[in-house]
Amino acid sequence: MKKIAIIGATGFVGSAITAEALSRGYRVRAIVRDRGRLPADNNIEGVECDIADTDSLIDALRGYETVISAYNPGWSNPDIYEQTLSGYRSIVRAAIEARTQRLLIVGGAGSLYVEPGRMLMDTGTIPPEILPGVRSLARVYTDILPEVDTLDWVFFCPAARLQHGSRTGNYRTGRDEIILNVKGDSVISVEDYAKEMLDEAETKRHHRERFTIGYKDEDPTHPRKHGVDPSILDGI
């Protein structure tokens, strides 16, 4: 049976990725804060681990060639900026020490470009209360990952609005620029995001780089919503 380790498997994005992996016949090692939040499934092995405890994380990742990280210390956490950076330093070190081959990271749309030289997080559309978390996740890509040369990593950024919807497969991917549909909306369902994340885990199309995703037509899951609504910028 195929196996994969997922950090943060009970979160909004992590739970969708876990469901997608299970649907493809994977045996999932779910690295979480609370195993009690995991769904009942014989193909899930829950491991409670503090991300800051690198040694324990090394043990949890050992034996897994592919790791997906949906780690987020919590948008309401007052220490989200520092904990995002320290958490990802621990995750990267643990992946290297555990001899993981590929680390796929749930990135954010905040560092994507909306026009040459201007990133989404600099447009003033992101609510100030979550901006520290947005900027720290961007620094994972700009400051931490470029220094990693012993691990094949991928930083996969969702669209600006990441929400529950349908698994359509009707989307496009890109590199560093935010993807907008015909109405100027940047949106993807978490189900389609999870599909593409597992596709990437299996096809290995990207290596030590960032890529992103978005609908090319009107949002097929919520067709009456248009424009980037700052109150639901779940993908940043």
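**Cysteines**

I looked up Cys49 first in this predicted model. Cys49 has a relative accessibility of 10% and therefore counts as buried, the cut-off being under 20%. I then turned to Cys157, which is also classed as buried, at 0%. I searched for disulfides and recorded a count of 0.

**Sheet**

I traced the strand order next. I found an open sheet of 8 strands, ordered 3-2-1-4-5-8-12-10, with mixed pairing. Strand 3 (44–48) and strand 10 (172–174) are at the edges; each has a single partner strand, so one side of each lacks a neighbour in the sheet. I noted an average turn of 20 degrees between neighbouring strands, direction ignored.

I examined one pairing in detail. Strand 4 (residues 66–69) and strand 5 (residues 102–106) run parallel and are joined by 4 bridges. Within this pairing, I identified Leu103 of strand 5 as the bridge partner of Val67.

**Helices on the sheet**

I checked which strands helix 1 (residues 12–23) touches as it packs on the sheet: strand 1 (3–7), strand 2 (27–32), strand 3, strand 4 and strand 5. The direction of helix 1 makes about 170 degrees with that of strand 1. I then recorded that helix 4 (residues 131–144) also packs on the sheet, with contacts to strand 5, strand 8 (152–157) and strand 12 (209–214). For helix 4, the angle with the direction of strand 8 is about 145 degrees.

**Salt bridges**

I obtained a total of 18 salt bridges. I selected the pair Asp199 and Arg24, whose side chains meet at 2.7 Å, N to O. Asp199 belongs to helix 5 (residues 190–203) and Arg24 to the loop between helix 1 and strand 2, so this salt bridge ties together parts 175 residues apart in sequence. I looked up the accessibility of both partners: Asp199 is buried at 16%, and Arg24 is buried at 19%.

I followed these two residues further and found them in a network of salt bridges that links Lys2, Glu20, Arg24, Arg167, Lys195, Asp199 and Glu202.

I next inspected Arg205. Its salt bridge with Glu196 has the closest N and O atoms 2.3 Å apart. Arg205 also meets the side chain of Glu200 in a salt bridge, at 4.0 Å, N to O. I noted that Arg205 is partly exposed, with a relative accessible area of 45%. By contrast, I recorded Glu196 as buried at 4% and Glu200 as buried at 0%.

Note on methods
Residues are numbered from 1 along each chain as its sequence is written. This is a predicted model: local features need pLDDT of at least 70, side-chain atom pairs count only at pLDDT 80 or more; totals for chains, interfaces and linings use all residues. Side-chain values use heavy atoms; hydrogens and water are left out. Two strands pair if DSSP finds at least two bridges between them. Helices (H or I, at least four residues) and strands (E, at least two) are DSSP runs, numbered from the N terminus. Axes are lines fitted to C-alpha atoms, for helices over the stretch in contact, and angles run from 0 to 180 degrees between N-to-C directions. Contact means heavy atoms within 4.5 Å. A disulfide is a pair of cysteine sulfur atoms within 2.5 Å. Buried means under 20% relative accessible area, exposed over 50%, partly exposed in between (1.4 Å probe, protein chains only).
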